[in-house]
Amino acid sequence: MGVTTFTQEYSSSVAPSRMFKALIVDSRNLLPKLLPQFVKDVNVIQGDGEAGSIEQVNFNEASPFKYLKHRIDVLDKDNLVCKYTMIEGDPLGDKLDSIGYEVKFEATSDGGCLCKMTSNYNTIGEIDVKEEEVKEGRESGIAVYRVVESYLLENPQVYA
């Protein structure tokens, strides 16, 4: 199995604790509400939503994918870090065994945050994952962050 790693960062004017709560802790409720055209629902299918749990995201017809499952490996609410692994679903295709993610939210001097994301693409066999092959998925992830950020800016009382 080969591993290809990509990193990216996203700056936000929203406080790190609010972004973490919205994007990580309460995403199963918030994403279907904010992105109903893409996300049908998010369900905990094993566990209690904490580390060790498995969630299934079901997509609507507008999405090129039907579903995905991810396992929450680490949920550190004090340090605003989440590690999770996509273990099943259409985005893996026939080349990927899994995708491991680490997401960290760090405070910035202006009261906002810097979100640092690391993605480890675990391939079936010794296949190199090219950045162009995952560009669309990475851009979709940033688009979700922007939608959530806009919602939080318009609703300053949410997750305050």
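Contact here means heavy atoms within 4.5 Å. Keep that in mind as you move through this predicted model.

**Stop 1: helix α2**

Select residues 27-34, which form helix α2. Colour S27, L30, L31, P32 and L34, because these residues of α2 are buried, with under 20% relative accessible area. What do the buried residues of α2 pack against? Show α1, β2 (39-46) and α3, and you will have the partners on screen.

**Stop 2: α2 against α3**

Keep α2 and add α3. The two helices pack at an angle of about 90 degrees, and their axes are 11 Å apart. α2 is therefore roughly perpendicular to α3. To see the contact itself, show side chains for L30, L31, K33 and L34 on the α2 side. On the α3 side, pick V144, V147, V148 and Y151. Sorted by class, the residues of this contact of α2 with α3 are seven nonpolar, no polar and one charged.

**Stop 3: α1 against α3**

Now hide α2 and select helix α1, residues 16-25, together with helix α3, residues 131-154. How far apart are the axes of α1 and α3? They lie 10 Å apart, and the helices pack at an angle of about 120 degrees. An angle like this makes α1 and α3 oblique to each other. Turn the view until one helix lies in front of the other: α1 passes α3 in a right-handed crossing.

Next, show the side chains where they meet. From α1, choose R18, M19, A22 and L23; from α3, choose V144, Y145, V148, E149 and L152. The contact of α1 with α3 has seven nonpolar, no polar and two charged residues.

**Stop 4: the largest nonpolar core**

Some of those side chains will come up again here. The largest nonpolar core has 41 residues, and the members that touch the most others are M19, F105, Y145, V148 and L152. Which element gives the most to this core? It is α3, with six residues.

Zoom in on L152. Leaving aside residues up to four places away in sequence, L152 touches V14, R18, M19, A22, V158 and Y159. Click on Y159 while you are there: Y159 is found in the segment after α3. Y159 has a positive phi of about 60 degrees, although it is not a glycine.

**Stop 5: the loop between β4 and β5**

Select L80, which sits in the loop between β4 and β5. L80 also has a positive phi, of about 55 degrees, and is not a glycine. Is L80 buried or exposed? With a relative accessible area of 14%, L80 is buried.

**Stop 6: G89 in strand β5**

Move on to strand β5, residues 81-89, and pick G89. G89 counts as buried because its relative accessibility is 17%. Setting aside residues up to four places away in sequence, G89 touches Y67 and L68. For a longer view, draw a line from the C-alpha atom of G89 to that of K130: these residues are 41 apart along the chain, and the line spans 20 Å.

**Stop 7: P64 in a loop**

Finish at P64, in the loop between β3 (54-59) and β4 (67-76). Is P64 buried or exposed? P64 counts as exposed because its relative accessibility is 65%, and the cut-off for exposed is over 50%. Now add D90 to the selection. P64 and D90 are 26 residues apart in sequence, and their C-alpha atoms are 8.6 Å apart in space.

Terms used: Residues numbered from 1 in each chain as written. Predicted model: local features only at pLDDT ≥ 70, side-chain atom pairs only at ≥ 80, totals over all residues. Heavy atoms only, no water. Axes fitted to C-alpha atoms, helices over the stretch in contact; angles between N-to-C directions. Helix = DSSP H or I, 4+ residues; strand = E, 2+ residues; numbered from the N terminus. Parallel < 35°, antiparallel > 145°, perpendicular 65-115°, else oblique. Left-handed = near helix turned anticlockwise from the far one by under 90°. Nonpolar A, V, L, I, M, F, W, Y, C, P; charged D, E, K, R; others polar. Buried < 20%, exposed > 50% of the residue type's maximum accessible area, 1.4 Å probe, protein only. Core = buried A, V, L, I, M, F, W, Y, C linked by side-chain atoms within 4.5 Å.
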